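Got the viewer open? Here's a short tour, one selection at a time.

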Amino acid sequence: MRVAPLALVLGTAFGALVSLQPVSDSDLFWHVATGARTLGGDLPRTDRFSWTIAGAPVLTDQWLGDALFALARALGDWRGVLALRVVAVAALVAIVVDSAVRARPGRPVVAAAAALPAIALSRFAWTDRPELLGLVCFAVLVRLLRGGDRELLLTLPLLALWAQLHGSYALGLGLVLASCAARALAEQRERWRFVPIAAAAVSATLIGPSGLASWTSSGGHFLAPPRYISEEGVPDPSTLPGLLFVAALALVLATALRSPRRATLRDLALLLPVAFVALTAARHTPLFAIAAVPYLAERWPDPLARWRAASDGHDRATEEGEVSGRATGHDRATEEGAVSGRATETLSTARTPSLGRDGVPRAAGALGRAAAVGACGVVLCVSVALASGRVDESGYPRGALAALPAGPGLLNQYDWGGYLIEFAPRAPVFIDGRLFPFVPAVLEDYRAIVGARPGWEAVAERRGVRAILVRPADPIAVRAPDRGWRVAYADAVAVLLVR
Amino acid sequence: MSSRTSAPGIVALAVFALAIVRAPSDSDMYWHLASGRWMLEHSDILRTDVFTTTVAGQPYSVGEWLGQVVLYLAYAIGGWPGLALLRGLLVGVAAFFLTRVALRATERTGIAILLVVPALVLSSIVWTDRPHLFTLAFFPLLLDVLFAARAGRTRWLLVVPPLLLIWTNLHGGYALGLATAGIFAVAALLERGAWRAFGAAAIVGGIATLADPGSLGLLSAIEHAASPPRFIVEEAPPDVLRPAGFVFALFALGTLAVALRAGGSLLDALLLIPLLWLALSAQRDMPYFAFAAVPYLARALPLAAPRLARARVAPSPRALSRVRHPARAVGMGLAAGAVAMAVLGIAALPSGPDESAYPTGAVAPLREGRGTLLHEYDWGGYLIWRVPERPVFIDGRLFPFLPRVYEEWRAAVMLGPRWRDVLARHDVTTVLLRPDRPLVGALRDDGWREVAGAAGWILLARP
């Protein structure tokens, strides 16, 4: 797969930039701990980190994602995790920009502008979790779904891999099925061929240790997102990510309203389901911006068109031809899948076999591309080497670790569960970011105690809570000392209360 | 009378019937009524707080003095049924003009009705007895006027300034009307249409909105729209996995789908995009996006789905003569049905409010007690109306309480680190809360006495 130079440059730039962000995501730690067990040949199918659901079944739907993060940690400690993030972000940005460049060849300004909302919005998902790998898979899928039959077939191995990395594969499966349906509707001949592809896509997502359970997990998560977790909340335009999402949505709507050229059924099959998914939860909003990139790149006017026309009369004719084509017969051509790439392919067949599309000898072109990729790799390696390889623990109860009692009985802040799994393995957690195994019984008890609701003492007694590690502003941190709990440790971040 | 002529009336009657059978229950309705009563009793506009212990005497304005007066007049004249009738009337006005707007955009009455119905269903989330209802009624009215003017009847624009003058005194949503008039003016200017007429209407209308003695102020209205208070449910962004949010999502995605397939005018873009942002900012504003989307969808849907358009074969005169009478009969049947619904609705008018969500059992003991009362935010309006002897701590007027009183209220009820200080500073002697509030457990442990209680509330008094 060739990548446009602009995509390589921007991918490398954003990859290098993201190395400045320290490792600190609270969920990373339980992903790494889970992955480490998988790498040791023991895929964790039951819980081993908590004392509230110890031995209960847990999901294995992200086993490969977990294993990759654990492998990165094993190879390079936390710097290895940082390196994985840098590579993933570089790949994500490169793919997104490349999709834009392919949608609008020869117009790098338009392509970069179209990719900008996606880059800006996805920035909030550049965290050390399998979710980031899922985002990369999604960007690849968007690109593949704009291609022909060969690309549609390539979505099958992608789905098989994605289903092992992150639960977002379910959206990918839905889009592949929708794309098959849209193509079957738009095309007149051999429609039957989409049936086995759709069936294979469904089957591809069932290969893995979770089997059908990964469907129920993703479906349940999508239909009933836990709103009390901020990233699972609805998109809020009064926040920066929410504002960027609304801007992306507005850009697509404005482009659709004012573009003289109709969108294809394929565009609809991609944009509408992703728009709905994005509206369900803030964490899904980058998906819409990524999905919209090729559409925006294709439709947006070229701000340099006049300058080009002045400098090159031929270009002007082409631009005008493009515009008139949009308004007339171009719709039908696009509808039938005759994407610009095909036209380019036809042109390239007329050239001398030893020359590439740009007229440069193929061997020299390959060498140049390899050199460019190598240079980008060097930049990314240097940025990782220069970055801090330590975990940013400023938001975690680092000071309280030594005072934590060993063994079961600790009730911890939800957000600190993963951190404690990694840094205080002697004290199993009450709850952590895996969430679903704890719903509803453990979560309800957790909320009753941390919220100091009437009857919290009875709940703590029933659960056998011996120590409570929470934030100073949590109601229980205010209430428990009044009820005889001793403050064993306190600082600006955390309070440890012992019965 | 053709189906196109009678459709707005039929839809309005049906919606009127559906709207009036609901018993009044909104928590903000009570303080609006109390404010209206105060203004009529004192023949003055209420400019300072008279209901609370926390901001008593402080100046404030919610910019809705006339809306509150009208609301109270409806109550004073007709009691609770009078309030329900006013609600039905305003919702009916909204339905009438929305149907007209839809019919202006398409020749197909069926498509128009098909779009109007879900938009009205979505609007039912704001069928509450508040001045907000005036915005619900006036927005489609304004759209009808502006679309008529755009179609060449520019004289209709004379309606805009007086409409905005009344609207600004009724409800803060006038800002939406002013912005809409401005958008039509900008579109006319850019499209080289009748921009002078539209511009004059918007400018004179803007000047008219300044004539509000209790104005909330345009800047305040914009600030409210830009950063709605998220802790109030109706001010939260829409949740598309809930019924109302799902209907909104259908409109948003339907608009996107039709735009992708059929494009649209400059006015469509100028109108729909800001309203989409507004709707995504706060769920109470979802209906306005749907209202604005209705004419666009009605016009562009056949273009987006050409098969649908082609399916309409021009009937022969003979076929028409066969069909006309049954069509007229169906129209008359629908009209009769709507009238029957309205009559039945009036017969089933609620005789009193639905107070099942309020601490009705606490009213009597509260009247007997003394001292500062701390209570649930949602019950402030109810207590203002039912227990005027006991000033409230906080209520749905919100703005006078931001940020200090609200923060204190939250710190006390949610057991923040300063909760004892808050109770002491305000000398709170009585607490009326939901039983699962952290403060309830803490006060019980501190020996506060349970005066009364039920499943949804508990009344505690300082020992």
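How many residues does the contact take from chain B, and how many from chain A? Chain B puts in 34 residues and chain A puts in 36 residues. Keep in mind that you're looking at a predicted model.

Stay on the chain B side and select helix H10 (243-262), helix H11 (266-281) and helix H19 (438-445) of chain B: these are the elements that give two or more residues to the side touching chain A. Now leave just H11(B) lit up, since H11(B) gives the most to that side, with eight residues. Then try colouring the chain B side by class: you should get 24 nonpolar, six polar and four charged residues.

Next, hop over to chain A. You'll find 21 helices and four strands there. Colour chain A by burial, and buried residues come to 48% of its 499 residues. If you like contact maps, take the chain A contacts with a separation of 6 or more: residues 24 or more positions apart account for 70% of them.

Last stop: select residues 265-280 of chain A, which is helix H11. H11(A) has 16 residues and reaches 23 Å from its first C-alpha to its last, close to the 22 Å expected at 1.5 Å a residue. Is H11(A) largely enclosed or exposed? With 20 or more other C-beta atoms within 10 Å as the cut-off for buried, 12 of the 16 residues of H11(A) are buried, so the helix is largely enclosed by the rest of the structure. To check a few by eye, click through the buried ones, among them Leu265(A), Arg266(A), Asp267(A), Leu271(A), Val274(A) and Thr280(A).

Note on methods
Residues are numbered from 1 along each chain as its sequence is written. Chains are lettered from A and ligands numbered from 1 in the order in which they are written. This is a predicted model: local features need pLDDT of at least 70, side-chain atom pairs count only at pLDDT 80 or more; totals for chains, interfaces and linings use all residues. Two residues are in contact if their C-beta atoms, placed from the backbone, lie within 7 Å. Ala, Val, Leu, Ile, Met, Phe, Trp, Tyr, Cys and Pro count as nonpolar, Asp, Glu, Lys and Arg as charged, and the others, Gly among them, as polar. The expected span of a helix is 1.5 Å times one less than its number of residues.
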